[in-house]
Amino acid sequence: MKDNYFSTGEFAKLCNVNKKTLFYYDEIGLFKPEIVKENGYRYYSVYQLEVFDIIHTLRDLGVPLKQIKSFIDERNPKSVVKFFEYKTGEIENEIKQLIRKQEIMSNKIKIIKEAEKIRDNIDNLSIEEQDEEYLVLSKNIDKSKFPYDSEVYANHLNYCYNQDLYIGYPLGFIKTIDDLYSENDYAYTYYYTKVNKNDGENIIKKPKGKYLVGYLNGSYIDIPGLYKKMLDYVKTHNLELIGHSYEEELINLIAVKDMNDYIIKVSMQIKIIDF
């Protein structure tokens, strides 16, 4: 045969598929060899390579063979453009979802590594400068419900998922200054989720500034002890609470099997009182 024709085996090798795939496509009328000799030998033209590549690409994208056959049988410039524009839109959405999933995994890695770094100094309190962050807030929590206001909790998570706001950060808890001095050790005003955008419903800015930071290695049931320790530190080190306290789980059931192995970070916004 001439140089611009290939046997079934040669064509299959060029296209990186099994010969059985070509036989099957021929059988269902999807993609036939350009020449079939009297002895049954089949030959494909070099000009068919691009057509096969499109078929193979659509197959990789999950398009059913029946739909591909219909597309190939009825193709014309207008229908090809329309179909490719539709598939391009689907691919762009898939890419966005993959990027979001990659971001979720990256943030999980970052959070767990942060927790592992502080494990040896977990009992120490520190004052650190924190950058501003964007948080989406839940509705107000019913403070009489323990350990969670399940309805507000679920509605908040659903909102974050439905709005594509979830990027891997765990659910956080906000205590106002009134909550911190409340007789209810488990009083919280909001749940929050850290996000990477600054516009949208219920999105607020966590202020940049100084924060007193403490950690707990244990269950959230034990968290009141950390808050008491931090409030005592505020009182004895010339500090003043000027904003919310932000509580977040660095290590939770994603990384450990026992809730008593949680690592929880608490950041209280403060200012240093000068005398």
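Start with the contacts. Take pairs in the protein chain at least 6 apart in sequence: 71% of those contacts join residues at least 24 apart. One caution before going on: this is a predicted model.

Now the overall outline. The protein chain has eight helices and eleven strands. Its radius of gyration is 30 Å, where a compact globule of 275 residues would come in near 19 Å. Along the principal axes, the C-alpha atoms fill a box of roughly 100 × 40 × 35 Å.

Next, the surface. About 16700 Å² is exposed by the protein chain, and carbon and sulfur atoms supply 50% of that. Of the 275 residues, 39% count as buried. On charge, there are 38 positive and 44 negative. The mean positions of the two sets are 5 Å apart.

Let me walk through some residues, beginning with a lysine.

K194 sits in strand β7, which covers residues 190-195. Is K194 buried or exposed? It is buried, because its relative accessible area is 12%, and the cut-off for buried is under 20%. What does the side chain of K194 pair with? It makes a polar contact of 3.2 Å with the side chain of E133. Look around K194 and leave aside neighbours within four places in sequence. The contacts are E133, Y134, L135, L165, I167, Y169 and E248. So E133 turns up in both the polar contact and the contact list of K194.

L135 gives us a bridge to the next residue. It touches K194, and it also touches I174.

I174 lies in strand β6, residues 172-175. Its relative accessible area is 0%, so I174 is buried. Beyond four places in sequence, its contacts are L135, L137, D179, Y188, T189, Y190, Y192, H244, S245 and Y246. For a sense of distance, try K101. I174 and K101 are 73 residues apart in sequence, and their C-alpha atoms are 26 Å apart in space.

Now a loop residue with another sequence gap to look at. D131 is in the loop between β4 (126-130) and β5 (133-137). With a relative accessible area of 57%, D131 is exposed. How far apart are D131 and G209 in space? The C-alpha to C-alpha distance is 6.8 Å, although 78 residues separate D131 and G209 in sequence. Not counting residues up to four places away, D131 touches P207 and K208.

Hold on to P207, and go to N217. N217 lies in strand β9, residues 209-217. N217 and P207 are ten residues apart along the chain, and their C-alpha atoms are separated by 26 Å. P207, remember, is touched by D131.

What surrounds N217? Not counting residues up to four places away, it touches R119, I122, N260, D261, Y262 and I263. With Y262 there is some detail to add. A polar atom of the N217 side chain lies 3.0 Å from the backbone oxygen of Y262. N217 counts as partly exposed, because its relative accessible area is 39%.

Back towards the start of the numbering, for Q48. Q48 is in the loop between β3 (42-45) and α3 (49-60). A loop position, then, but is Q48 buried or exposed? Q48 is buried, because its relative accessible area is 12%. Leaving aside neighbours within four places, Q48 is in contact with F11, F31, K32, P33, E34 and Y43.

Last, two asparagines to check in the backbone. Both have a positive phi.

N16 first. Its phi is near 60°, a positive value in a residue other than glycine. N16 lies in the loop between α1 (8-15) and α2 (19-27). It is exposed, because its relative accessible area is 68%.

Then N238. Phi here is about 55°, again positive, and N238 is not a glycine. N238 is in the loop between α8 (223-236) and β10 (239-251). At 38% relative accessibility, N238 counts as partly exposed.

To recap the residues in the viewer. Among the buried ones are K194, Q48 and I174. D131 and N16 are exposed. N217 and N238 are partly exposed.

Methods: Residues are numbered from 1 along each chain as its sequence is written. This is a predicted model: local features need pLDDT of at least 70, side-chain atom pairs count only at pLDDT 80 or more; totals for chains, interfaces and linings use all residues. Side-chain values use heavy atoms; hydrogens and water are left out. Helices (H or I, at least four residues) and strands (E, at least two) are DSSP runs, numbered from the N terminus. The radius of gyration is taken over C-alpha atoms; the globule rule is 2.2 Å times the number of residues to the power 0.38. Buried means under 20% relative accessible area, exposed over 50%, partly exposed in between (1.4 Å probe, protein chains only). Contact means heavy atoms within 4.5 Å. Accessible areas come from the Shrake-Rupley method with a 1.4 Å probe; for residues, only the protein chains shown count as cover. Lys and Arg count as positive and Asp and Glu as negative; His and the chain ends are not counted. The place of a charge is taken as NZ of Lys, CZ of Arg, CG of Asp or CD of Glu. A polar contact is a pair of N or O atoms within 3.5 Å; within protein, one must be able to donate a hydrogen and the other to accept it, and residues adjacent in sequence count only if both atoms are side-chain atoms.
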